[in-house]
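Reader: I've got the sequence and the coordinates open on my screen. Can you walk me through what's worth a look?

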Amino acid sequence: MEPILFVIFGAIAVGGAIMVVTRRHPMASALYLILTLFAVAALFVLRQAHFLAAIQVIVYAGAVVVLFIFVIMLINVPVHKLPVERVTGLRFLGVLAAGLLILESAVLTRRFAMPRASAVDAGSVQAVGKALFTDYLLAFEITSVLLLAAVIGAIALAKKKI
Amino acid sequence: MSPIPIDAAALLTGLRCILPEILVVATAIFVLFVDLMIPEENKRILCGISLIGVVISLFSVFLLGPARISGFSGAVVHDGLGAFFEIVILAACALTLLMATGYSEWEGTHKGEFYSLLLLSTSGMMFMAKGTDLMTVFLGLETLSIPIYVLVGFHRHRMSSIEGALKYFLLGAFASGFFLYGVALMYAATGTTKIPALAAMLLDARLAANPVFLAGVGLLLVGLAFKVSLVPFHMWTPDAYEGAPTVVTAFMSAAVKAAAFAALIRVLLLTFGGLQPVMWKVLWALSVLTMTVGNLSALLQDNVKRMLAYSSIAHAGYVLVGLVSGDFLGGQAALFYLLVYAFMNIGAFGVVILIAQKEDEGYDIRNLAGIGFKYPALGAFLTLFLVSLGGIPPTAGFVGKFYLFSAAVKNGYIWLAVLGVLNSAASIYYYLRLVVYMYMVPAEGEMPVPRPSRLAFSAALFASGAAVLLLGIFPGSALDLAARSVLSLLM
């Protein structure tokens, strides 16, 4: 059952991601992004990472993309004014490179075994919480410094008069 | 689940290990609070407070000494290498703050945000230099980058400043992605992100041949190469360096480079046993490309700030010469060169700030004409720093380059050393071109009047100049310190 679900949700995630970058209207892109994020959350559930799955839905699908949508609605560009983007030489090369990368990772993962995740419940809320406040305490604290820097930076760049 | 017992002793050891970082972050927050309470005309106090915080932090580094303290389950370590780079980074930050006293007055950057972002960025660099877990290194990298993006675009009404910031931000975000993907691949292949554990696992030759792991190392290298602006990841450098407020450019060129090289040295020297056969070719090519492209582009510049930006690319190439061999000698030379480079580059930018006009304009080389005899102190300082950047004795730049290239020769990379020396010779042309303009080209029309230097600003120039001369004539103790720092890593 699990491999089948993995293929289904994986396909949804990749398909959604392709739609995000190919849609003409940014609103459609944002909605497809939500689809992708949900599918990735489902992949996390399949790997027993329940906490990460919940966070993925709440923070990314729930908060970040909603902000995107707000901004898109506030700017409100009419459809006929959106630029039409063509496939130029450089973009074609980019697609080619992406294809090569997929091929490469397929070969690599087939030929070289990765170590399996160690504990089954490593993704539960309890386990993540414990790891976050013991082994990764410093990382947690540096993140708070990072966020403080980002807040100050946002104010310094955006406030009318500082 | 039962509550997690608190290991108070381990926590205290950890806090002691990151004491210098804590002091810098605390100063940054304190600056923000003071900023709220003081009137507009007293904002220059903030610069003084920041400087005091940095100096106290520097003292705490010396207080902790060279002994190895590991904290937070091996996420961070205070060892010789970490302490060495903390000294370089904090010294660069202190010099930047000293110069900011004048610069902020002329260009209107006496703001709480400016100083607290500068300090937060410094703390990120220090974490990066001390991180023994790739997670800590990544978070340090981000904590250093985000404030720098903002600082580059701090002159919000200037197109060049915003342009530089946007380019740096977009490319930097990609580079962070590369770095993180590299860490993820390394984790996938090994199950750990701790650098010592990775080094131990690399003794097994199978891992060193595992392409998943190698791809991870490659992506990690790309992420760090972006930050030290190695060719071909240097595209952002000229625009960001030119657009940024000039004190920030000085800070970036010295401190950001030192921090990224600290992480690179920690990863490379520890893992080199297993990876040397693959890595030296990559590093060799990167080093030669970086030196050559940096120097050739610098030859063509008429804007002094832009020329120094390209020269800083070339200097990253020189430092990489020391890392190609991945042994003790090269590491020592690279460390010493980064220390010297911080002083001479900040010094050069300092003189350039004084010569500039309002709104960070007037960096054209023609503005230097005739400066040398009319303002002898300025001319002498700029000449000293340029001569050192070019690597001419008796300055520290010469000693640094000498050790880098001789380390390459001793390890059998003769061609690398030859190409390095040739590059160095080419660079002398554009450094001395400035000197020629200052002393031998008569000024056309009215000569621009340099800004009157402040006491603190002059102190920064004197300190940099003294360091360049002292490290050039008596390099012994600094070389010893660099040697002990590298040894502390390898033990």
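Reader: Which residues have the most contacts inside the largest nonpolar core?
Author: Keep in mind that this is a predicted model. Its largest nonpolar core counts 184 residues. Inside that core, the most contacts belong to B:Phe85, B:Tyr168 and B:Met252.

Reader: And which helix gives this core its largest share?
Author: Look along chain B for residues 246-299. That stretch puts 27 residues into the core, the largest share, and the helix is H12 of chain B.

Reader: What does B:Tyr168 touch, leaving out residues up to four places away in sequence?
Author: Its partners include B:Ile148, B:Tyr149 and B:Val152, along with B:Phe226 and B:Lys227. Also on the list is B:Met252, itself among the residues with the most contacts in the core. The rest of the list is B:Trp236, B:Ala240 and B:Val256.

Reader: Is A:Leu67 buried or exposed?
Author: A:Leu67 sits in helix H3 of chain A, residues 50-75. It also helps make a nonpolar surface patch of about 690 Å², together with A:Val66, A:Phe70, A:Val71, A:Leu74, A:Ile75 and A:Val77. The cut-off for exposed is over 50% relative accessible area. Because its relative accessibility is 53%, A:Leu67 counts as exposed.

Reader: Which element of chain B has the lowest mean pLDDT?
Author: Chain B averages a pLDDT of 90, and 99% of its residues score at least 70. Helix H6 (residues 134-152) of chain B has the highest mean among the chain's elements, 95. The lowest mean, 77, goes to residues 205-208 of chain B, helix H9.

Reader: What ipTM does the predictor give the complex?
Author: There are two scores for the complex here. The pTM is 0.92, and the ipTM is 0.91.

Conventions: Residues are numbered from 1 along each chain as its sequence is written. Chains are lettered from A and ligands numbered from 1 in the order in which they are written. This is a predicted model: local features need pLDDT of at least 70, side-chain atom pairs count only at pLDDT 80 or more; totals for chains, interfaces and linings use all residues. Side-chain values use heavy atoms; hydrogens and water are left out. Patches are made of residues with over 30% relative accessible area and no salt bridge: like charges are joined within 9 Å, nonpolar side chains (Val, Leu, Ile, Met, Phe, Trp, Tyr) within 5 Å. Accessible areas come from the Shrake-Rupley method with a 1.4 Å probe; for residues, only the protein chains shown count as cover. A salt bridge is a side-chain nitrogen of Lys or Arg within 4 Å of a carboxyl oxygen of Asp or Glu. Helices (H or I, at least four residues) and strands (E, at least two) are DSSP runs, numbered from the N terminus. Buried means under 20% relative accessible area, exposed over 50%, partly exposed in between (1.4 Å probe, protein chains only). pLDDT is the predictor's confidence in each residue, from 0 to 100. A nonpolar core is a set of buried Ala, Val, Leu, Ile, Met, Phe, Trp, Tyr and Cys residues joined through side-chain atoms within 4.5 Å. Contact means heavy atoms within 4.5 Å.
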